[in-house]
Amino acid sequence: QVQLQESGPGLVSPSQTLSLTCTVSGGALTTNHYYWTWIRQPPGKGLEWMGGISYGGSTYYSPSLKSRTTISRDTSKNQFTLHLSAVTPEDTGVYYCARTFELNRHDDWGQGTQVTVSS
């Protein structure tokens with residue numbers, strides 16, 4: 001069974017870069033057809049897909065966040081990382097990492113981590 005766990009700071013100052021890491025167990029980042037994605041949920045709003053990295057290392061980003069988002073991976077540690085730059089209070093929310101089949105079916109989720117952007 002694949003398990004995912006998010007880690008990172010719960011509080012980030014405005015204009016700084018938010019960095020979160022997802023540690024994966026029970027499955028390799030290079031497994032064919034699977035993408036490793038970041039999804040967030042602002043308070044009182046729905047889920048928002050932010051982007052992902054494929055089994056081959058290609059990256060895909062939401063157009064609305066592309067200019068501020070970088071997703072990378074470390075296959076030796078079986079981890080992938082989200083960097084979101086120039087954050088504002090609107091970036092506050094619960095951030096999830098997920099294992100996604102062909103970019104359209106989220107098969108496994110992390111438990112989520114709360115991130116608050118505030119001075």
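Val12 stands opposite Val117 of strand S11, and this pairing is a convenient way into the fold. The model is a predicted one, in which local features need pLDDT of at least 70 and side-chain atom pairs count only at pLDDT 80 or more, while totals for chains, interfaces and linings use all residues. Residues are numbered from 1 along each chain as its sequence is written, and side-chain values use heavy atoms, with hydrogens and water left out.

Strands here (E, at least two residues) are DSSP runs numbered from the N terminus, as are helices (H or I, at least four residues). Two strands are said to pair if DSSP finds at least two bridges between them. S2 (11–12) and S11 run parallel and are joined by two bridges. S11 also pairs with S9, this time in the antiparallel sense and over three bridges; Tyr95 has Thr113 of S11 as its bridge partner.

In a regular strand the side chains alternate between the two faces of the sheet. Strand S11 (residues 113–117) shows such an alternation: Thr113, Val115 and Val117 point to one face and are buried, whereas Gln114 and Thr116 point to the other and are not. Buried here means under 20% relative accessible area, exposed means over 50%, and partly exposed lies in between (1.4 Å probe, protein chains only).

In soluble globular proteins, nonpolar side chains tend to be buried together. A nonpolar core is taken as a set of buried Ala, Val, Leu, Ile, Met, Phe, Trp, Tyr and Cys residues joined through side-chain atoms within 4.5 Å. The largest such core in this model has 24 residues, and those with the most contacts inside it are Leu4, Leu18, Val24, Trp36, Trp38, Phe80 and Tyr95. At least two core residues come from each of S3, S4 (34–41), S5 (48–54), S8, S9 and S11. S3 gives the most, with four residues. For Trp36, contacts (heavy atoms within 4.5 Å) beyond four places in sequence include Val2, Leu4, Val24, Phe80 and Arg99.

A single covalent cross-link was also found. The count comes to one disulfide, defined as a pair of cysteine sulfur atoms within 2.5 Å. Cys22 and Cys97 form this bond, with their sulfur atoms 2.1 Å apart. The torsion about the S-S bond is about 65 degrees, so the disulfide is right-handed. Because Cys22 lies in S3 (residues 18–25) and Cys97 in S9 (residues 93–101), the pair ties together parts that are 75 residues apart in sequence. Cys22 is buried, at 0% relative accessible area, and Cys97 is buried too, at 0%.

Charged side chains come next. Side chains of opposite charge can pair when their charged atoms come close. With a salt bridge defined as a side-chain nitrogen of Lys or Arg within 4 Å of a carboxyl oxygen of Asp or Glu, the count comes to five. One of them joins Asp107 to Arg105, with the closest N and O atoms 2.6 Å apart. Salt bridges that share partners join Arg40, Glu48, Arg68 and Asp91 into one network. Within this network, the closest N and O atoms of Arg40 and Glu48 are 2.7 Å apart; Arg40 is buried at 7% relative accessible area, while Glu48 is partly exposed at 23%. Asp91 sits in the loop between S8 (79–84) and S9 and is buried, with a relative accessible area of 2%. The Asp91 side chain makes a polar contact with the side chain of Arg40 at 2.7 Å. Such a contact is a pair of N or O atoms within 3.5 Å; within protein, one must be able to donate a hydrogen and the other to accept it, and residues adjacent in sequence count only if both atoms are side-chain atoms. Beyond four places in sequence, Asp91 is in contact with Arg40, Arg68, Leu84, Ala86 and Val117. Elsewhere, Arg99 and Asp108 form a salt bridge, their closest N and O atoms being 2.8 Å apart; Arg99 is buried at 14% and Asp108 at 16%.

Two loop residues deserve a look for their backbone angles. Most residues other than glycine have a negative phi. Ser15, in the loop between S2 and S3, has a positive phi near 80 degrees and is exposed at 53% relative accessible area. Ala86, in the loop between S8 and S9, has a positive phi near 50 degrees and is partly exposed at 39%.
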